[in-house]
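Visitor: Could you take me slowly through a single part of this structure, the surroundings of the ligand, and explain your terms as you go?

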Amino acid sequence: MTRRMRSKFVAGNWKMNGSLTANHQLLTALLSGAEGMPADSAAVLVPFPYLAQCSVTLDGSPLAWGAQDVSTHESGAFTGEVSAAMIADFAASYVIVGHSERRALHGESDELVAQKAVAAHNAGLIPIVCVGETLDDREAGRTEAVVARQLDAVLDGAGDEVLSSSILAYEPVWAIGTGRTASPQQAQDVHAFVRGRLRERFPALADGTRILYGGSVKAANAADLFAMADVDGGLVGGASLVPHEFMGICEAAFSASRAD
Ligand code: PEP
């Protein structure tokens with residue numbers, strides 16, 4: 001019963017890739033593959049300048065769109081930042097917060113990530129909140145401690161209302177862009193841990209909250225990952241730029257949803 005509350009979802013994180021021409025080709029290919037796809041089952045998360053292109057090209061299609069980061073501020077003297085309301089202006093639905101590349105390269109703290117989730121929620125966007133450990137953390141046996149710290153900051157700072165509209169993503173840093181995927185069991189173990197922690201704090205949300213896995217997901221490994229009880233889909237980087245890979249991952253997600 002609880003599984004039906006969480007149909008699988010696939011989000012493609014384009015990172016800092018694309019051009020108007022390349023996006024047109026990619027989106028056209030995705031749209032032809034997405035015919036008949038259930039609504040609310042896949043999205044592309046694009047660089048800010050391409051939100052307008054997505055809003056024109058994807059409008060009325062089963063594919064949703066969103067951004068990869070958001071400011072905590074609503075407006076004002078914050079040169080270079082983009083507010084949640086600006087993202088929402090382009091009919092976007094989703095925004096990633098706390099991606100490990102932002103945490104590592106831009107020094108984003110757990111608390112800032114929570115504030116970004118709140119800002120996104122307040123503008124009507126669905127935050128996709130990323131957590132995940134480094135290879136050093138995993139090898140030192142700190143996976144659960146790190147994931148708990150990152151998650152707790154969001155549970156404390158954002159609260160149940162924001163969480164009720166959020167998606168969580170477990171993305172082990174050692175698996176992102178490396179070709180080294182977590183095994184289905186490794187992913188399931190951490191997803192179950194995350195869901196358990198959510199249940200301790202917000203029991204009503206635990207069964208309905210989607211937890212995506214991210215880290216070198218491909219069409220070839222998606223079905224095995226999505227077969228795990230607490231893996232509710234994927235956050236996909238590199239493979240989201242390759243139409244047959246992304247559609248293969250979406251297909252694996254729909255098959256897994258149908259099997260639940
Ligand atoms: C990501 O960027 O969130 C990601 C998971 O990348 P990749 O699929 O390329 O590992």
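Guide: What follows is a close look at the ligand and the residues around it.

This is a predicted model, in which local features need pLDDT of at least 70 and side-chain atom pairs count only at pLDDT 80 or more, while totals for chains, interfaces and linings use all residues. Residues are numbered from 1 along each chain as its sequence is written, and side-chain values use heavy atoms, with hydrogens and water left out.

Around the ligand there are 14 residues, each counted as near if one of its heavy atoms lies within 4 Å, and those that come nearest are Lys15, Glu171, Gly177, Ser216 and Gly237. By class, this shell holds 8 polar, 4 nonpolar and 2 charged residues, where Ala, Val, Leu, Ile, Met, Phe, Trp, Tyr, Cys and Pro count as nonpolar, Asp, Glu, Lys and Arg as charged, and the others, Gly among them, as polar.

Polar contacts, meaning pairs of N or O atoms within 3.5 Å, can be followed one by one. A polar side-chain atom of Lys15 lies 2.7 Å from a ligand oxygen atom, and a side-chain N or O atom of Glu171 is likewise 2.7 Å from an oxygen atom of the ligand. Gly237 takes part through its backbone, with an N or O atom 2.8 Å from a ligand oxygen atom. On its own the ligand has 300 Å² of accessible area (Shrake-Rupley method, 1.4 Å probe), and the protein covers 96% of that area.

Note on methods:
A polar contact is a pair of N or O atoms within 3.5 Å; within protein, one must be able to donate a hydrogen and the other to accept it, and residues adjacent in sequence count only if both atoms are side-chain atoms.
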